[in-house]
Amino acid sequence: MTQTAQTWIILGATSSMARAMARRLAKEGAMLILCGRDMDDLAASAEDCKARGAAEALAMRFDARDSTSFGPIVERAVLKEGAINCAVFVGSMPEQSVIDADPSLIDGVVQDSHIGPATFLSMLAPQMEARGQGTVVGVGSVAGDRGRIGNYVYGSAKAGFATYLSGLRNRLTRAGGHVVTVKPGFVDTAMTWGIEGMFLVASPDAVAKDILRAVAKKKNVIYTPFFWRYIMLIIRHIPEFIFKKMSI
Amino acid sequence: MTWNKLTYAGWGRARSATGQVARPERQSSLLREIASFAAPAFGMRRSYGDVALNDGGRAYDMTRLDRVLSFDAETGVVEVEAGMPIGDLGRAFAAKGWIPPVMPGTGFATVGGCIANDVHGKNHHVKGSFGQHVTEITLIHGAEIKTITPKSGAIWKATVGGLGQTGVIAKAKLQLMPCKGDMMVLTERRIDSLDEFLAAFDESKTDYTVGWIDATATGAHLGRGILEEGEITSGINNSKDGAKAVPFNAPGWALSAPVVRVFNELYFRRVPAKGRTSVKPITEPFFPLDAIHNWNRLYGKHGFNQFQCVVPPERVDVLRLMLEKIGASHLASPLAVLKKMGDGRGGYMSFPMEGYTLAVDFPNKDGSQELIKELTDMTLDAGGRIYFAKDGVAEATQIKGMYPEQDKWQRAVEKADPQGALVTDLVRRLNLRESAKES
């Protein structure tokens with residue numbers, strides 16, 4: 001069995017990046033627990049994964065804003081022996097102008113992108129520690145690297161999640177587990193479809209391929225596609241007194 | 001955002017369209033969008049001309065709806081979303097002992113497109129057309145969702161091969177056929193003339209039979225080529241997916257007459273004079289060009305057109321005249337195919353009919369469109385027809401009477417889409433839905 005032919009919990013499995021990753025894992029014969037809110041869509045993806053070679057694929061409800069949905073997923077995953085892995089693709093990004101008009105929306109964004117997944121992972125972590133193996137893939141965003149006028153609420157939630165992942169890596173590493181933080185640039189998904197100013201857009205499958213390579217090589221933080229590391233390196237180093245006047 | 005203004009083209013890239021495109025990722029969002037705006041759908045746009053385009057209007061890109069929805073291992077019936085590429089389906093199931101009974105020349109074509117164009121494969125003489133193996137289709141038009149089967153009558157026959165004019169195909173059930181494995185025993189041999197080709201087709205006993213033809217050959221060599229005959233066999237496919245890509249548009253001379261002549265000569269001699277037999281993963285003989293992504297760029301930025309016709313078996317004389325005309329034009333590319341077809345067809349507007357089908361690619365340059373139009377006239381005179389999945393050149397008057405059941409199709413389409421919300425560029429150009437009213 002290869003590194004990835006194990007149990008994988010995928011949170012936010014209706015997203016196109018998650019779908020692409022689930023398919024790749026299916027081909028390696030993984031046992032998949034696809035989690036999200038649209039149960040019809042998840043059931044379709046589960047069938048698809050089975051047809052493509054998954055040892056097992058099931059759909060379970062996960063709502064980042066409803067922590068009662070978390071426990072059953074963890075309970076289901078521990079029924080299976082061997083490594084339990086988890087990939088987190090959840091998050092929500094209302095337009096910044098909409099949030100500015102209704103600041104109460106911040107609650108949901110932070111819940112979806114940070115609090116929900118962090119709570120879930122903290123529930124799962126003891127199981128991973130007990131088994132002494134397993135990988136967490138946390139999908140953040142380059143938006144979390146620096147607050148920008150266009151999406152700083154979403155960015156701040158992703159930054160919070162990235163910091164959480166960094167701490168979780170610190171914790172799980174000493175127990176034999178691993179955490180990969182993934183920062184995708186622009187990806188060709190429903191979220192970016194038709195948004196102006198997109199460039200060097202990556203396909204969801206290319207991102208999934210990068211993620212699984214990072215899992216196999218135990219990378220800590222990856223940007224995907226890789227060149228976003230350099231784009232964000234530049235953006236992070238622009239002095240604040242200049243940056244505050246920019247709108248990028 | 002739901003709608004994105006895009007400029008998109010058919011595979012030949014000689015025709016393009018600009019318009020708002022939505023790309024739903026879930027069945028629920030597809031239903032919601034179509035309920036608020038009925039528009040035609042397209043998949044991977046592997047049709048060559050403009051059958052998948054809607055210039056100035058809206059369209060649905062189905063490529064993100066590409067999943068297997070259910071599979072019955074007892075019966076071999078699989079339900080898939082319409083945007084699933086047929087090659088993916090073949091790869092997912094061949095190892096389990098099942099294969100789509102009909103696969104077109106590219107695995108990138110989606111199931112929805114295979115139905116709407118009622119495509120055929122190298123085994124048409126044995127298995128008929130794609131639509132004949134479809135058992136159920138979910139059609140969406142506005143707020144209406146219809147599930148149709150071959151027993152549904154006119155709407156079924158107007159949907160299979162119906163160019164998407166009865167509704168957006170959201171899902172379909174296909175009857176797969178059992179297969180021994182995912183390898184193919186392929187025999188290739190040289191054929192020296194058209195007569196020899198026709199005789200070889202008559203004698204061929206294999207399930208998969210197709211001829212590559214040297215469209216630049218003239219005189220004594222007219223109609224020479226390579227006959228490929230294949231049978232699926234058991235075996236283990238160890239090859240890795242190593243697709244190459246054409247990174248940019250090739251310059252104009254890349255497929256100029258002298259280059260093509262030399263290429264074709266070498267391609268012909270590649271197969272030893274006494275022929276050869278080899279065992280290959282099925283994807284190779286099924287989808288020979290899929291290994292080179294974006295091969296359409298070889299034709300440069302102006303793109304290319306493909307002419308494909310089928311003529312009745314007794315009109316071999318026209319086939320010969322066509323090959324003479326093509327050879328003399330110095331416009332042909334290396335991509336030319338000859339095949340004997342059976343009479344299997346699934347719908348009113350399906351292309352296949354008993355006879356010989358000839359397909360030739362032409363770079364989109366001076367003279368090629370005129371040549372294609374001449375070939376189209378010859379096809380009509382011979383009682384044959386051209387293939388809408390390939391056409392980007394014909395004029396409305398040229399195809400009148402080619403499809404004897406067009407009036408039945410028109411009546412069913414009129415009922416299913418009275419507002420004309422699903423009209424595409426090809427349907428407009430060839431006036432496909434209008435001509436009944438005029439007569």
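Is A:Arg76 buried, partly exposed or exposed, and what is its relative accessible area? The legend to View 1 takes this up, and every view here shows a predicted model.

**View 1. A salt bridge between helix α3 and strand β3 of chain A.** A:Arg76 is partly exposed, and its relative accessible area is 24%. Its side chain meets that of A:Glu56 in a salt bridge, with a distance of 3.0 Å from N to O. A:Arg76 belongs to helix α3 of chain A and A:Glu56 to strand β3 of chain A, so this pair ties together parts that are 20 residues apart in sequence. The partner, A:Glu56, is partly exposed too, at a relative accessible area of 26%.

**View 2. The buried face of helix α3 in chain A.** Stay with the helix that carries A:Arg76, and look now at its buried residues. Helix α3 spans residues 70–78 of chain A, and its buried residues are A:Phe70, A:Gly71, A:Ile73, A:Val74 and A:Ala77. Viewed down the axis of α3(A), these residues fall within an arc of 165°, so they line one face of the helix. Here is a handy reminder: an α-helix has 3.6 residues a turn, so residues three or four places apart point the same way. The cover over the buried residues of α3(A) includes the strands β1 (7–11), β2 (31–36), β3 (56–61) and β4 (84–88), along with helix α5 (105–131), of chain A.

**View 3. A salt bridge that joins chains A and B.** The side chains of A:Arg23 and B:Asp66 come together in a salt bridge of 2.9 Å, N to O. A:Arg23 sits in helix α1 (residues 16–27) of chain A, while B:Asp66 sits in the loop between β4 and β5 (68–72) of chain B, so the pair joins two chains. Both A:Arg23 and B:Asp66 are buried. For a further set of charged residues, look for A:Arg19, A:Asp41, B:Arg67 and B:Glu81, which are linked in a network of salt bridges. Over all chains, the count comes to 41 salt bridges.

**View 4. A buried salt bridge between two loops of chain B.** B:Arg433 and B:Asp417 meet through their side chains in a salt bridge of 2.8 Å, N to O. B:Arg433 is in the loop between α12 (425–429) and α13 (435–438) of chain B, and B:Asp417 is in the loop between α11 (406–416) and α12, so the pair ties together parts that are 16 residues apart in sequence. B:Arg433 is buried, with a relative accessible area of 10%. B:Asp417 is buried as well, at 0%.

**View 5. The surroundings of B:Asp50.** B:Asp50 is in the loop between β3 (41–42) and β4 (58–61) of chain B. At 2% relative accessibility, B:Asp50 counts as buried. Its side chain has a polar contact of 2.7 Å with the side chain of B:Arg429. Not counting residues up to four places away in sequence, B:Asp50 touches B:Arg15, B:Asp391, B:Gly392, B:Thr424, B:Asp425, B:Leu426 and B:Arg429.

**View 6. B:Gly76 and its contacts.** B:Gly76 is found in the loop between β5 and β6 (77–81) of chain B. B:Gly76 is buried, with a relative accessible area of 0%. Leaving aside neighbours within four places in sequence, B:Gly76 is in contact with B:Phe71, B:Trp98, B:Leu174, B:Gln175 and B:Leu176. From C-alpha to C-alpha, B:Gly76 and B:Ile99 are 8.9 Å apart in space, and they are 23 residues apart in sequence.

**View 7. Backbone angles worth a look.** Most residues other than glycine have a negative phi, and most peptide bonds are trans. The peptide bond from A:Thr224 to A:Pro225, however, is cis, with omega near -10°. A:Pro225 lies in the loop between β7 (221–224) and α8 (228–237) of chain A. B:Asn294 has a positive phi, near 55°, and is in the loop between β17 (292–293) and β18 (304–311) of chain B. B:His330 also has a positive phi, near 55°, and lies in the loop between α9 (316–329) and β19 (336–341) of chain B. B:Asn294 is partly exposed at 28% relative accessibility, and B:His330 is partly exposed at 48%.

Definitions and conventions
Residues are numbered from 1 along each chain as its sequence is written. Chains are lettered from A and ligands numbered from 1 in the order in which they are written. This is a predicted model: local features need pLDDT of at least 70, side-chain atom pairs count only at pLDDT 80 or more; totals for chains, interfaces and linings use all residues. Side-chain values use heavy atoms; hydrogens and water are left out. Buried means under 20% relative accessible area, exposed over 50%, partly exposed in between (1.4 Å probe, protein chains only). Helices (H or I, at least four residues) and strands (E, at least two) are DSSP runs, numbered from the N terminus. The arc is that of the directions from the helix axis to the C-beta atoms. Contact means heavy atoms within 4.5 Å. A polar contact is a pair of N or O atoms within 3.5 Å; within protein, one must be able to donate a hydrogen and the other to accept it, and residues adjacent in sequence count only if both atoms are side-chain atoms. A salt bridge is a side-chain nitrogen of Lys or Arg within 4 Å of a carboxyl oxygen of Asp or Glu.
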